[in-house]
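Reader: I am new to this structure and would be grateful for a close look at a single part of it. Please take one sheet and its surroundings, and explain how they are put together.

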Amino acid sequence: MDLEFSPLPRGDWVLVTGAMANTLNKYQPVRLIGNPIILPKAGKPSRYQEERHHNRVHNFAYKVFTIKKKRPELTTRIHAQISESVSFSVDHNTSTLTHSRIHKYLHADGKAPCVVFWNGNTDKVLIEKLGTKHVKKYLDITTVHHPNNNNYDLVLQDMSRDKQVISKIPIGHYIKKNGGTLNLLECHTLICGQIHEGVVDCHDPVTDVILTKCIFNYIMKTVKPSTIYSYCSGKPIKARGRKKTRKEKREKKK
Ligand SMILES: [Zn+2]
């Protein structure tokens, strides 16, 4: 799952769009679109009302993305997404950006789901603010940088309080200007590099979900799927990371 949002003053958020894909629905993520939702720091979610919220969103997104991070393209993107969502909700009565649609999708098979994000700390906070309950586990995929050799590990982590690392897989060498963690596209380039159907550019939620899913499948192929399944069903794990190759086992014995 991926959400696109913007912070607002006083700790509020505006949820603009997003996308979800379940394990059954392999290559067709569902785009969340409709009138954006204001998620206040305290209190209930409310709908974005253009006149009342537009200036707040604009000024704040401008300050955060343009001045602090020097990334004006993000302000433009958030505004394009808000305009798209608002015009969609005027034209159609089939909004998917609603709590009930998200809830229905997540529980389509009648079971409590495990939700996987890419660097999803804020996504998790916002999905919980929407009132989504009965999620079994929230899992986060991120990367860890080793500054001495610019190598990276791909990490799958439980987002609950103890932040247990479920798997840590070395994925190789990548040189970034300022070091630090890889973004979604960089990580995907390193482990897959295919151009998947439906991919446009990063920060389009459907694209982000397709790439996140590809990276998650890579983790599933590399570590035993049963490790992840048993973890998600509530059993503690001992073995972490990928299976050792024969060569590594031999070297360990020496
Ligand atoms: Zn891929």
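Author: In this predicted model, 30% of the 254 residues of the protein chain count as buried. The chain forms eight helices and nine strands. Among contacts between residues at least 6 apart in sequence, 52% join residues at least 24 apart.

The part chosen here is an open sheet of four strands, arranged in the order 6-7-8-9 with mixed pairing. Strand 6 and strand 9 (165-173) occupy the edges; each has a single partner strand, so one side of each is left without a neighbour in the sheet. On average, and with direction ignored, neighbouring strands of this sheet are turned by 20° against each other. Strands of a sheet pair through backbone hydrogen bonds, and they may do so in a parallel or an antiparallel manner. Strand 6 and strand 7 run parallel and are joined by five bridges. In this region V116 stands opposite L139 in strand 7. Helix 5 (residues 184-191) packs on the sheet, where it touches strand 6, strand 7, strand 8 and strand 9. The direction of helix 5 makes about 75° with that of strand 9.

Two loops deserve separate attention. Most residues other than glycine have a negative phi. N119, however, has a positive phi of about 40° although it is not a glycine. This residue lies in the loop between strand 6 (114-118) and helix 4 (121-129). N119 counts as partly exposed because it has 17 C-beta neighbours inside 10 Å, whereas 20 or more would be needed for a residue to be buried. N150 is likewise not a glycine and has a positive phi of about 55°. It is found in the loop between strand 7 (137-146) and strand 8 (151-158). With 13 C-beta neighbours inside 10 Å, N150 also counts as partly exposed.

The loop that holds N119 leads to helix 4, whose buried residues are D123, K124, L126 and I127. Seen down the axis of helix 4, these buried residues fall within an arc of 170°, so they line one face of the helix. They pack against strand 6 and strand 7 of the sheet, and also against strand 1 (2-7), strand 2 (13-20) and strand 4 (37-39). Just after helix 4, G131 takes a positive phi of about 95°.

In summary, helix 5 packs on the sheet and touches its four strands, while the buried residues of helix 4 pack against strands that include strand 6 and strand 7.

How values were computed. Residues are numbered from 1 along each chain as its sequence is written. This is a predicted model: local features need pLDDT of at least 70, side-chain atom pairs count only at pLDDT 80 or more; totals for chains, interfaces and linings use all residues. A residue is buried if 20 or more other C-beta atoms lie within 10 Å of its own, exposed if 12 or fewer, and partly exposed in between; C-beta atoms are placed from the backbone. Two residues are in contact if their C-beta atoms, placed from the backbone, lie within 7 Å. Two strands pair if DSSP finds at least two bridges between them. Axes are lines fitted to C-alpha atoms, for helices over the stretch in contact, and angles run from 0 to 180 degrees between N-to-C directions. The arc is that of the directions from the helix axis to the C-beta atoms.
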